[in-house]
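Here are my notes from a read through your model, written for the bench rather than for a modelling meeting. Have the picture open while you go through them.

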Amino acid sequence: MKLAAIDIGTNSIHMVIAEATHQHNFQIIDREKEMVKLGEGVFRTNRLNERAYREGLETIKRYVKLADQRGADEIITAATSATREAQNGGDFLSELVNETGISPQVISGGREAKLIFQAVRHEIDLQGENVMVIDIGGGSTEIAVGNEKEILMAKSMKLGVLRLLDMFDNKEAIGKEARGVLEAHIRFVIQSFIAEAKEIGFSRVIGTSGTIRSLGEAAHVEAGGKSMKSVNAEVVKLKNLEDLTDDLLEMKPEKRSSV
């Protein structure tokens, strides 16, 4: 059986086509990723802008066509933060149903956190330990604590990349004052979640998502390491991430993008 899964995220839209080989196992046949930035401006205006709306529809229509060409028996689609919160998110989904025949499921942040943890548990040997999994998306950041047997905590925080970017004009380097405001805001939002995670206890932190992968590899390279062929279960030192952060915050947006 072949399945296609489309993730309509706030920052990017992904599709993975997989074939089930036997129970609980599958082989990836194809994957696509488009940085549509569906949530660009959403957290400032409460609406999907015209560019993102149209580009999002065209991307998903292309994915559905590709899935059909690859012989997918079923297409599973999930939409997250931007679509949940935008006033015209319902219109976007209705138009998607009319044009493609697929009906995306809008999932909650808590459900998203659980699914992310299950994916990590499938790929990484947790060695009987409690681990914290963090996924930084465009509209939200998911945090989960658990082990190979159970998920002990799964929460979603309104701290996504595009949501935080909407706090700034994005034209200049952020600067010390704005950095202080941003860090204070993040600490305020996460404090209760981190306190709960610490009370449960965990011995490792595992990061997922394109944002964390990009930051991790950039920190590794800046510290003198070679570019990673595959960013999976690689370890990055906190000190290197801190150094990278200091450098990025002094750069203008176009320079940050090149890094």
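The points below go sheet by sheet, with the helices taken up where they belong.

1. First, the caveat: this is a predicted model. Please read everything that follows with that in mind.

2. Start with the five-stranded sheet. This sheet is open, its pairing is mixed, and its strands come in the order 3-2-1-4-5. Strand 3 (25-34) and strand 5 (105-106) sit at the edges with a single partner strand each, so one side of each has no neighbour in the sheet. Helix 2 (residues 50-69) packs on this sheet and touches strand 1, strand 2 (13-22), strand 3 and strand 4. The direction of helix 2 makes about 20 degrees with that of strand 2.

3. Now the pairing around strand 4. Strand 1 (residues 2-8) and strand 4 (residues 74-79) run parallel and are joined by six bridges. If you want a register check, L3 has E74 as its bridge partner in strand 4. Strand 4 also runs parallel to strand 5, here with two bridges, and A79 stands opposite V106 of strand 5.

4. Which residues of strand 4 are on the covered face, and which on the uncovered one? I75, T77 and A79 make up the covered face, while E74, I76 and A78 make up the uncovered one. Note that E74, the partner of L3, belongs to the uncovered set.

5. The largest nonpolar core has 29 residues, and those touching the most other members are I6, I8, M15, L48, I60 and F92. At least two core residues come from each of strand 1, strand 2, helix 1 (42-45), helix 2, strand 4 and helix 4 (89-100). Helix 2 is the top contributor, with eight residues. As background, nonpolar side chains tend to be buried together in soluble globular proteins.

6. F92 deserves a click of its own. Setting aside residues up to four places away in sequence, F92 touches I8, L38, L48, Y53, G56, L57, I60 and T83. Among these, I8, L48 and I60 are also on the list of core residues that touch the most other members.

7. Is A82 buried or exposed? A82 has a relative accessible area of 1%, and because the cut-off for buried is under 20%, A82 counts as buried. This residue lies in helix 3. Beyond its neighbours within four places in sequence, A82 is in contact with T10, L38, G39, V42, F43 and L48. For a sense of scale, A82 and A223 are 35 Å apart in space, C-alpha to C-alpha, and 141 residues apart in sequence.

8. On to the four-stranded sheet. This one is open too, with mixed pairing and the order 8-7-6-9. Strand 8 (151-157) and strand 9 (204-208) are its edge strands, each pairing on one side only. Ignoring direction, neighbouring strands are turned by 15 degrees against each other on average.

9. Strand 7 (residues 141-146) and strand 8 run antiparallel, joined by six bridges; E142 has S156 as its bridge partner in strand 8. Helix 7 (residues 175-200) lies across strand 6 (131-136), strand 7 and strand 8, and runs at about 170 degrees to strand 8.

10. Helix 5 (residues 109-123) has 15 residues and reaches 21 Å from first C-alpha to last, close to the 21 Å expected. Its buried residues are G109, E112, A113, I116, F117 and V120. They lie on the same side of helix 5, because they cover an arc of only 135 degrees around the axis. An α-helix has 3.6 residues a turn, so residues three or four places apart point the same way. What covers this buried set includes helix 3 (81-85), strand 6, strand 7, strand 8 and strand 9.

11. Helix 8 (residues 210-222) can be read in a similar way. Its 13 residues reach 18 Å from first C-alpha to last, close to the 18 Å expected. G216, A218 and A219 are buried, and their arc of only 170 degrees around the axis puts them on the same side of helix 8. Helix 9 (238-248) is among what covers them. After helix 8 comes G224, with a positive phi near 105 degrees.

Definitions and conventions: Residues are numbered from 1 along each chain as its sequence is written. This is a predicted model: local features need pLDDT of at least 70, side-chain atom pairs count only at pLDDT 80 or more; totals for chains, interfaces and linings use all residues. Side-chain values use heavy atoms; hydrogens and water are left out. Two strands pair if DSSP finds at least two bridges between them. Contact means heavy atoms within 4.5 Å. Axes are lines fitted to C-alpha atoms, for helices over the stretch in contact, and angles run from 0 to 180 degrees between N-to-C directions. A nonpolar core is a set of buried Ala, Val, Leu, Ile, Met, Phe, Trp, Tyr and Cys residues joined through side-chain atoms within 4.5 Å. Buried means under 20% relative accessible area, exposed over 50%, partly exposed in between (1.4 Å probe, protein chains only). The expected span of a helix is 1.5 Å times one less than its number of residues. The arc is that of the directions from the helix axis to the C-beta atoms.
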